[in-house]
Amino acid sequence: MPITIYDVAREAGVSMATVSRVVNGNPNVKPTTRKKVLAAIERLGYRPNAVARGLASKRTTTVGVIIPDISSMFFAELARGIEDIATMYKYNIILCNSDQRLEKELQLINTLLEKQVDGLLFMGAEVKDAHLQVLSTAAVPVVLAATRDVESSLPSVTIDHFQAAYDATRLLIRDGHRRIAMLTGPLNDPLGGLLRFEGFKQALADAGIQYHEELVASGNYQYDSGLKAMNNFLKLDQPPTAVFAASDEMAIGAIHAVQDAGLRVPEDVEVIGFDNVRLAEMVRPRLTSVVQPMYDIGAVAMRLLTKYMNNEHVDEHVVVLPHRIEHRESTRSQSKEK
């Protein structure tokens, strides 16, 4: 039979209320009594019933976290930021992998809500009407991390993807390039896909550089799509002299395609990635990349959620964190912009 709070109270010779105060960290317990209760807990192997405590307090101190790909270095770093802040504020997390499939995302949201989580953190490419219908009617606070809905109706933490792509493209323009290609993400992804693409186009327009559709290829953020797209770019009569990729994996695929063709990076083709994952430091030449502060996005999103869960004052429900460009050897420009 499971050991109960009654068993601990009888073993320690105290009331159940005293055991409860010790378990919950209440300071109004004499040190000698606390020591006696803790000793009894250890002897009996007692574990507090989290479900029963949750029913009594109507709080489970649990947060549901939905991420698209648990194997992705990008989302792993986000999850780490979430976990560290959750631990700091004494919340446990339930981490769920959605495979970026709408049906599974909606199922996970409903499952977590049924488990009586105190809050939800959602990460996904596109926040659709189906997501909003479920999330906006949830009885617990919800925060979006590394994404946002079009109307910004839900709290979110992200970066300015348009400006980040604009800055990356401007760096290549400053290096003298006119034939600049872009490996976009899926354009139905409003942030990593569409906004980065629009930032790229605007930088070209502001510099008076003609936009060429043949120099744009849509990928899925993964290595293979970058490799394939770059191989196609190199077959053009006028191949690009620089490439901006919407993810580091696609950028590394582009670098390898250039090298496989007997060309050099950055001497023949400059390459810039996006996200600054650890792979950017591992490839040779090391990859220049737009730094999206993944850990900080996760940490800030979790802290924002704790404010909502604890009814604290919130100044801004849409948080935009700063980005920067980490200059490495895949571009000729090694100094940071003034």
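**Exercise 1.** Sort the lining of the largest cavity in this predicted model by residue class.

Solution.
1. Start with the count: one cavity of 30 Å³ or more is found.
2. The volume of the largest cavity is about 30 Å³.
3. List the lining residues: Arg178, Ile180, Phe200, Leu204, Ile209, Gln210, Tyr211, His212 and Leu215.
4. Assign the classes: six residues of this lining are nonpolar, two are polar and one is charged.
5. Arg counts as charged, while Ile, Phe, Leu and Tyr count as nonpolar.

**Exercise 2.** Find the strand order of the open sheet and explain why E2 and E11 each have one side without a neighbour in the sheet.

Solution.
1. The sheet has six strands in the order E2-E1-E3-E4-E5-E11, and their pairing is parallel.
2. Strand E2 (92-97) and strand E11 (318-321) are at the edges; each has a single partner strand, so one side of each lacks a neighbour in the sheet.
3. On average, neighbouring strands of this sheet are turned by 20° against each other, direction ignored.

**Exercise 3.** Describe how E1 and E2 pair, and which helices go with them.

Solution.
1. Strand E1 covers residues 62-67 and pairs with E2 in the parallel sense over six bridges.
2. Take two positions: Thr62 has Asn92 in E2 as its bridge partner, and Ile66 stands opposite Cys96 in E2.
3. Add helix H5 (residues 73-88): together with E1 and E2, helix H5 makes a right-handed β-α-β unit.
4. Add helix H6 (residues 102-114), which lies across E1, E2 and strand E3 (119-122). Helix H6 runs at about 175° to E1.

Conventions:
Residues numbered from 1 in each chain as written. Predicted model: local features only at pLDDT ≥ 70, side-chain atom pairs only at ≥ 80, totals over all residues. Heavy atoms only, no water. Pairing = 2+ DSSP bridges. Helix = DSSP H or I, 4+ residues; strand = E, 2+ residues; numbered from the N terminus. Axes fitted to C-alpha atoms, helices over the stretch in contact; angles between N-to-C directions. Contact = heavy atoms within 4.5 Å. Right-handed = clockwise from strand over helix to strand, strands pointing away. 1 Å grid on protein atoms, 1.4 Å probe; cavity = no way out; pocket = protein on both sides within 12 Å on 5 of 7 lines; lining within 4 Å. Points joined across faces, edges and corners; volume = space filled by probe spheres on them.
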